Amino acid sequence: MASFPPRVNEKEIVRSRTIGELLAPAAPFDKKCGRENWTVAFAPDGSYFAWSQGHRTVKLVPWSQCLKNFLLHGTKNITNSSSLRLSRQNSDGAQKNKPREHIIDCGDIVWSLAFGSSVPEKQSRCVNIEWHRFRFGQDQLLLATGLNNGRIKIWDVYTGKLLLNLVDHTEVVRDLTFAPDGSLILVSASRDKTLRVWDLKDDGNMMKVLRGHQNWVYSCVFSPDSSMLCSVGANKAVFLWNMDKYTMIQKLEGHHHDVVACDFSPDGALLATASYDTRVYIWDPHTGDILLEFGHLFPPPTPIFAGGANDRWVRSVSFSHDGLHIASLADDKMVRFWRIDEDYPVQVAPLSNGLCCAFSTDGSVLAAGTHDGSVYFWATPRQIPSLQHLCRMSIRRVMPTQEVQELPIPSKVLEFLSYRI
């Protein structure tokens, strides 16, 4: 395992270029809690960007138009609370499929967001399909919102209409993730210590409850092929689940504090986890080995210090779609961009009170949400991937580590394909 502490000489590190800001409107009353932007999300096709402005409000903006506004009017853009407000009472007349800016009142504090798109070939696992209320077409785009009261609301992105209200969690729904295969299988992670699997093509039927966490579940994410799920939570928990059998594969050991975020690489060969122990670990999810460690405190803290308050809690981690770059967000007022083959951040950006981050669909922009409901955007490191890396990603999309290790090829090639060099 390689341990990569941050370099202290900041002159070697490039500052990321700011693309723009979406500043939340001032609250009508002074309320310190409830304004947090816990999640930012890009639609799979890159058409929309969504974030929580705090106080139960989610804003949807056409992403291409948002970028144009930054170029035309500068980086700052204060969101207009008088924009079109859509709810289930007034959304039926909206023009479908035409990107429009929406403000959605979710009825309670929003903790999590996720976009889901439908593929008609992926049918519901329910046998009685003739009884379904909804027929999701190929152009369907949904937004799931996880709320403070344990409910999950499903919205039609094009119209703003409320489609489903999923009720079963008993605590905050902390994270949501859709299966990338277009099946509209949704998994929710909650403070009630469970993960729940929902089939939206079966009118939101809850298919399974995944139990194993002994404390809060903070985050969950599907692997790119939808066969595996990672969930992370309090008390150092990192679990991997088989999503064909809905069984736990293994628990990954290594962190020293609560684990609060996770993300798979685009080829599914790597798993990144972020923890309050000041570290981001890069795992091989097929073997459970830690391949890399990105430290946010130098020198690295001892396990006892890492397990307490250390002002370097890592809040979020995200894999870029090029498979080469990772972004992390920590309490030291810094966003870092890492490369999987470098021992220090290749770019940094200042950010106070950051909570979450996500790469745009094409990987060119990183969005980060803050405590006051605002969003900040930066240009990401750009590099043309080598032919070797592109070949590695193509192979790893279809071959797990165990199969790669059985290939009759030189050991150095095996190490490269296994991300061990």
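**Questions on a predicted model with WD repeat annotation**

Me: Which residues does UniProt list for "repeat: WD"?
Reply: The annotation comes from an unreviewed UniProt entry. For "repeat: WD", that entry lists residues 136-165, 166-208, 210-251, 252-293, 314-348 and 358-378.

Me: What share of residues 314-348 is strand, and how far apart are the end C-alpha atoms?
Reply: Residues 314-348 are listed by UniProt under "repeat: WD". In this predicted model, helix makes up 0% of the span and strand 57%. Its end C-alpha atoms are 14 Å apart.

Me: How far apart are the end C-alpha atoms of residues 358-378?
Reply: Residues 358-378 also appear in the UniProt list for "repeat: WD". The span is 57% strand and 0% helix. Its end C-alpha atoms lie 11 Å apart.

Me: How many helices and how many strands does the protein have?
Reply: The protein has 421 residues, of which 57% count as buried. Its secondary structure comprises five helices and 32 strands.

Me: Among contacts between residues at least 6 apart in sequence, what percentage join residues at least 24 apart?
Reply: The count concerns contacts in the protein between residues at least 6 apart in sequence. Of these contacts, the share joining residues at least 24 apart is 54%.

Me: Over which residues does pLDDT stay under 50?
Reply: The mean pLDDT of the protein is 87, and 85% of its residues reach 70 or more. Where pLDDT is low, the predicted coordinates should not be read in detail. That caution bears on two stretches with pLDDT under 50: one has 19 contacts beyond four places in sequence, and the other has 32. They are residues 4-8 and residues 80-95.

Me: Why does C230 form no disulfide, and how far away is the closest cysteine sulfur?
Reply: A disulfide is a covalent bond between the sulfur atoms of two cysteines. C230 is buried, with a relative accessible area of 0%. The closest cysteine sulfur belongs to C262, and it is too far for a bond because the cut-off is 2.5 Å. The sulfur of C230 is separated from that of C262 by 4.0 Å.

Me: How many disulfides does a search of the whole structure find?
Reply: For C230, the closest cysteine sulfur, in C262, is too far for a bond. Over the whole structure, the number of disulfides found is zero.

Me: Where does P299 lie, and what is the omega of the peptide bond from F298 to P299?
Reply: P299 is placed in the loop between β25 (289-295) and α2 (303-306). The peptide bond that joins F298 to P299 is cis. Its omega is near -5°.

Me: Is N235 buried or partly exposed, and what is its phi?
Reply: N235 sits in the loop between β19 (228-233) and β20 (237-242). With a relative accessible area of 49%, N235 is partly exposed. Although N235 is not a glycine, its phi is positive, at about 65°.

Me: What is the phi of D203?
Reply: D203 is found in the loop between β16 (194-199) and β17 (205-211). D203 is not a glycine, yet its phi is positive, at about 60°.

Me: With which side chain does the side chain of W155 make a polar contact?
Reply: W155 belongs to strand β12 (residues 151-156). At 3% relative accessibility, W155 counts as buried because the limit is under 20%. Beyond four places in sequence, W155 touches several residues, including L141, T145 and L163. Its side chain makes a polar contact, at 3.2 Å, with the side chain of T145.

Definitions and conventions:
Residues are numbered from 1 along each chain as its sequence is written. This is a predicted model: local features need pLDDT of at least 70, side-chain atom pairs count only at pLDDT 80 or more; totals for chains, interfaces and linings use all residues. Side-chain values use heavy atoms; hydrogens and water are left out. UniProt positions are given in the numbering used here, feature names are shortened, and annotations may be inferred rather than shown by experiment. Helices (H or I, at least four residues) and strands (E, at least two) are DSSP runs, numbered from the N terminus. pLDDT is the predictor's confidence in each residue, from 0 to 100. Contact means heavy atoms within 4.5 Å. Buried means under 20% relative accessible area, exposed over 50%, partly exposed in between (1.4 Å probe, protein chains only). A polar contact is a pair of N or O atoms within 3.5 Å; within protein, one must be able to donate a hydrogen and the other to accept it, and residues adjacent in sequence count only if both atoms are side-chain atoms.
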